[in-house]
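User: I am new to reading protein models. Please take one part and walk me through it closely, then show me how it sits among the rest.

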Amino acid sequence: MLEFSHIVYEVVIWLFLLYGSAVAIIYGWIGVYALGAVIRYKKENTFTDYNIIAVNPNAPTFSLIAPAYNEGMTIVENVRSLLSLYYHNLEIIIVNDGSKDDSMQKLTEAYELESISFFVQGEIETNAIRSIYKSKNPAFKKLIVVDKENGGKADALNVGINVSSGDYLVCIDVDCILEQDAILRLAKPFLEETDKKIIACGGVIRLANNCKIENGKVVDVNMPKTLLGKTQALEYIRAFVLGRMAWSRASGLILISGAFGVFDRKIVLACGGYDRNTVGEDMELVVRMRKYMEEKKEPYEVITIPDPLCWTEVPETKEILKKQRNRWMRGTMETLWKHRKMIFNPKYGKLGMISLPYWLFFEFLGPLIEFLGYIIFIVFLLLGIINWQFSTVLFALVISTGFLYSIYGILVDLVSRQVYTKRKDFLTLIGTAFLEPFYFHPIVVKASIKGFIDYFKKSHSWGEMTRQGFNQSAQHLPFKERVAAILTMSLRTWGVFTIVFSVLFLSGITVEWLWYHYYVSGLNVSEITQDLFMDNLIFMFKLIFGIGIIYLLLNFIKESWAKTVIIVIGLFVIITQYILFLYFSETHQLLGADILNYSKAEIEQNLEHSGMLNFKNFALLGLLLIAVFIPFWLAAKSAFKSMYVGLAFLCIGLAALCIPKDLLKSNDFYHIDKLNQKAAKSKWDYFFNSNTDDFIDEHLK
């Protein structure tokens with residue numbers, strides 16, 4: 001047992017090293033690929049005369065959609081800024097999403113609006129439109145204002161899509177400031193379309209915090225005053241100039257910022273517009289559009305250009321930043337779950353084989369794995385098994401790699417279109433790159449973990465985005481229908497739990513087999529493999545049947561009780577599984593009803609003699625408890641769409657109860673010695689049957 005903690009340490013270290021190496025390789029590729037994309041874009045656009053596009057009557061029509069909710073303080077100035085954009089074929093649609101302030105009144109007075117009859121072309125389902133307005137003043141002929149019932153940003157954008165008539169949609173936040181030539185620069189890629197259809201395009205977003213703004217235009221660029229703002233300025237450089245440029249060049253981009261993005265209107269309408277049931281509607285729409293094009297088998301591109309086209313204000317307080325990153329995490333989870341069938345599906349090309357797996361393993365799991373690393377480090381610290389020299393070198397390597405990557409991003413930004421031209425701003429960015437890992441990064445990781453937990457706390461199950469407790473929803477049904485409804489919903493949840501339980505139980509068997517193979521002398525592992533796995537497998541299915549019946553019965557009383565009971569039983573079974581086989585490996589004896597014949601002092605003496613009772617093993621037991629509890633907890637909050645998985649497991653469990661005990665024994669089992677026969681048996685099966693027989697003999701005979 002003294003070796004066990006060191007084995008766990010080696011395995012964990014190698015897993016983290018492999019993951020870290022994968023991260024380093026991917027970000028190295030992003031850096032190289034992004035630089036190539038930026039240089040190529042600069043060469044192709046250095047001498048572009050955008051005035052030709054501005055006056056070209058055959059240039060594509062753009063519909064700019066800006067949702068607004070309670071923006072009365074700045075709405076007039078923001079709309080004036082949009083009206084000053086340089087582009088001929090442009091309509092500007094302001095969607096008032098049921099504001100409770102004086103937004104509509106101010107717009108009406110400032111732009112001489114009047115209600116008109118208007119034919120709404122799109123058919124995306126939205127909340128009701130109250131009225132549509134246009135200006136009596138010809139100077140504002142591009143402006144359309146829609147007043148609607150409140151429904152959220154996605155619903156407001158969908159209304160704008162329905163009302164729009166342009167070839168392409170420019171979706172922005174109304175409080176963003178656009179460069180006056182932003183539409184001109186975005187129009188160029190669409191005019192250059194060849195065999196691949198551009199379905200979405202984005203540009204670089206910069207920070208307006210602490211910048212001087214006059215008449216809706218940024219006239220003096222400054223770095224944000226707070227360290228939190230400065231770290232986000234650096235983060236946006238890495239995200240847009242490096243990350244999105246690289247993925248754009250590789251045809252793997254699946255995110256166009258909700259603050260500013262352009263989409264092909266026909267494709268958006270064909271896909272049904274923005275999803276109103278997700279907090280990550282911008283990413284989800286791009287994924288759905290790409291899915292649509294893959295299924296149609298039409299060549300397409302989603303691109304981004306390195307020009308700073310939009311200025312937005314970022315959070316400069318920790319509370320608001322945490323809420324934002326919490327929402328981003330939940331949006332990522334919702335999108336990945338909704339489109340899970342595409343992950344590693346070659347039918348969807350790069351989308352299914354590269355882009356979505358990258359988001360799953362690095363954007364979604366990255367913060368979770370990092371947080372797990374902190375917990376494991378603390379456990380190993382308490383165990384006293386940390387190699388400090390190795391850990392110090394590894395920590396320095398990680399920090400220096402992150403610092404160099406940020407510096408590289410700043411330098412690539414210099415090549416693209418640098419906006420921080422002041423020397424002090426450049427030096428500030430370098431200083432921020434050094435401080436970011438110790439200040440900003442922990443805040444983001446904490447907010448992401450909170451977002452992960454909130455996704456499940458707020459009844460967001462893996463099968464449905466929202467749901468009520470099923471006992472609640474069925475309580476008003478007739479008796480027979482109520483029973484059927486509760487059974488159906490119980491089996492849906494039970495299906496998820498049994499899969500998680502089976503994976504954990506089978507993992508325990510595999511660990512037991514490996515332990516016997518490498519650390520227990522006197523065993524012929526090749527001869528006991530079949531019997532070990534088969535005996536445990538049969539017992540596992542019997543357990544699934546027994547626990548399943550308990551779970552189904554408890555659900556008729558109270559759903560929360562049923563879930564708590566199966567989590568506790570699941571934890572007990574898996575933890576005890578490890579204890580039983582480790583006890584056998586130390587004593588070469590199966591633990592059964594004889595445990596009841598020992599006094600507490602005798603048990604402690606035996607365990608101390610075997611070396612099992614020490615602080616390291618208790619800490620490892622706690623770590624195992626956490627590792628087992630988390631999947632069980634998540635499983636209890638999840639449900640399949642169908643009940644048949646849960647029902648199938650119950651049927652297999654019932655069949656396992658009918659199989660004679662010695663029927664599946666191999667021929668080798670009867671020709672090996674007693675020690676190997678004991679090793680080949682399910683330790684849990686022996687423990688359970690031994691105690692059950694003892695109880696029957698003592699109380700019922």
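Analyst: Here is a close look at one buried aspartate, followed by the parts around it and beyond.

Keep in mind that this is a predicted model.

Start with aspartate 97. Its place is in strand S2, which covers residues 90–97. Is aspartate 97 buried or exposed? Its relative accessibility is 4%, and buried means under 20%, so aspartate 97 counts as buried.

What does the side chain of aspartate 97 reach? It comes to 2.9 Å from the backbone nitrogen of glycine 151. Glycine 151 also appears among the contacts of aspartate 97, once neighbours within four places in sequence are left aside. The others are Ala68, Tyr69, Lys148, Glu149, Asn150, Gly152, Lys153 and Ala156.

Now think about charge. Side chains of opposite charge can pair when their charged atoms come close. Asp97 belongs to a network of salt bridges that also links Glu125, Lys148, Asp155 and Arg276. Lys148 is in the list of contacts of aspartate 97 too.

Strand S2 has another role in the picture. It is one of the elements that cover the buried residues of helix H3. Helix H3 runs over residues 75–83, and seven of its nine residues are buried. Those are Ile75, Val76, Asn78, Val79, Ser81, Leu82 and Leu83. Besides S2, the cover includes strands S1 (62–68), S5 (143–148), S6 (168–172) and S7 (177–178), plus helix H4 (103–111).

Next, look at other salt bridges. The structure holds 24 of them. In one, the side chains of arginine 185 and aspartate 181 meet at 2.9 Å, N to O. Arginine 185 is buried, at 15% relative accessibility. Aspartate 181 is buried as well, at 18%. Glutamate 214 and lysine 212 form another bridge, at 3.5 Å, N to O. Here glutamate 214 is partly exposed, at 39%. Lysine 212 is also partly exposed, at 46%.

A further bridge joins lysine 338 to aspartate 275, with the closest N and O atoms 2.7 Å apart. Lysine 338 lies in helix H10, while aspartate 275 is in the loop between helix H8 (265–271) and H9, so the pair ties together parts that are 63 residues apart in sequence. Lysine 338 is partly exposed, at 39% relative accessibility. Aspartate 275 is buried, at 14%.

That loop leads to helix H9. Its 16 residues, 281–296, should span 22 Å at 1.5 Å a residue, and its end C-alpha atoms are 22 Å apart, which agrees. Why call H9 largely enclosed by the rest of the structure? Because 12 of its 16 residues are buried. Among them are Glu281, Asp282, Met283, Leu285, Arg288 and Met293. After H9 comes lysine 297, whose phi is positive, near 55°.

Two other residues have positive phi without being glycine. Serine 251 has a phi of about 60°. It lies in the loop between helix H7 (227–249) and strand S11 (260–264). Serine 251 is buried, at 18% relative accessible area. Phenylalanine 344 has a phi near 60°. It is found in the loop between helix H10 (318–338) and helix H11 (349–383). Phenylalanine 344 is partly exposed, at 47%.

Helix H12 comes next. It has 30 residues, 388–417, and reaches 44 Å from its first C-alpha to its last, close to the 44 Å expected at 1.5 Å a residue. Asparagine 387 caps the N-terminal end of H12, with a side-chain oxygen 3.3 Å from the backbone nitrogen of glutamine 389. The buried residues of H12 include Ser391, Ile399, Tyr405 and Asp413.

Finally, step back to the whole chain. The domain assignment gives domain 1 (18–335 + 383–457) and domain 2 (479–700). Their centres, taken over C-alpha atoms, are 51 Å apart. Five residues of domain 1 and seven residues of domain 2 make the contact. Together the two domains bury about 570 Å², 83% of it on carbon and sulfur atoms. On the side of domain 1, Leu383, Phe452 and Phe456 supply 82% of the area buried against domain 2. Helix H13 (residues 423–457) gives the largest share of that side, three residues. How many salt bridges are counted between domain 1 and domain 2? The count is zero. The rule also finds zero residue pairs in polar contact across this interface, with both at pLDDT 80 or more.

Key
Residues are numbered from 1 along each chain as its sequence is written. This is a predicted model: local features need pLDDT of at least 70, side-chain atom pairs count only at pLDDT 80 or more; totals for chains, interfaces and linings use all residues. Side-chain values use heavy atoms; hydrogens and water are left out. Helices (H or I, at least four residues) and strands (E, at least two) are DSSP runs, numbered from the N terminus. The expected span of a helix is 1.5 Å times one less than its number of residues. Buried means under 20% relative accessible area, exposed over 50%, partly exposed in between (1.4 Å probe, protein chains only). Domain bounds come from an automatic or database domain assignment. Contact means heavy atoms within 4.5 Å. Buried area is the accessible area (1.4 Å probe) that two parts lose on being put together, summed over both. A salt bridge is a side-chain nitrogen of Lys or Arg within 4 Å of a carboxyl oxygen of Asp or Glu. A polar contact is a pair of N or O atoms within 3.5 Å; within protein, one must be able to donate a hydrogen and the other to accept it, and residues adjacent in sequence count only if both atoms are side-chain atoms.
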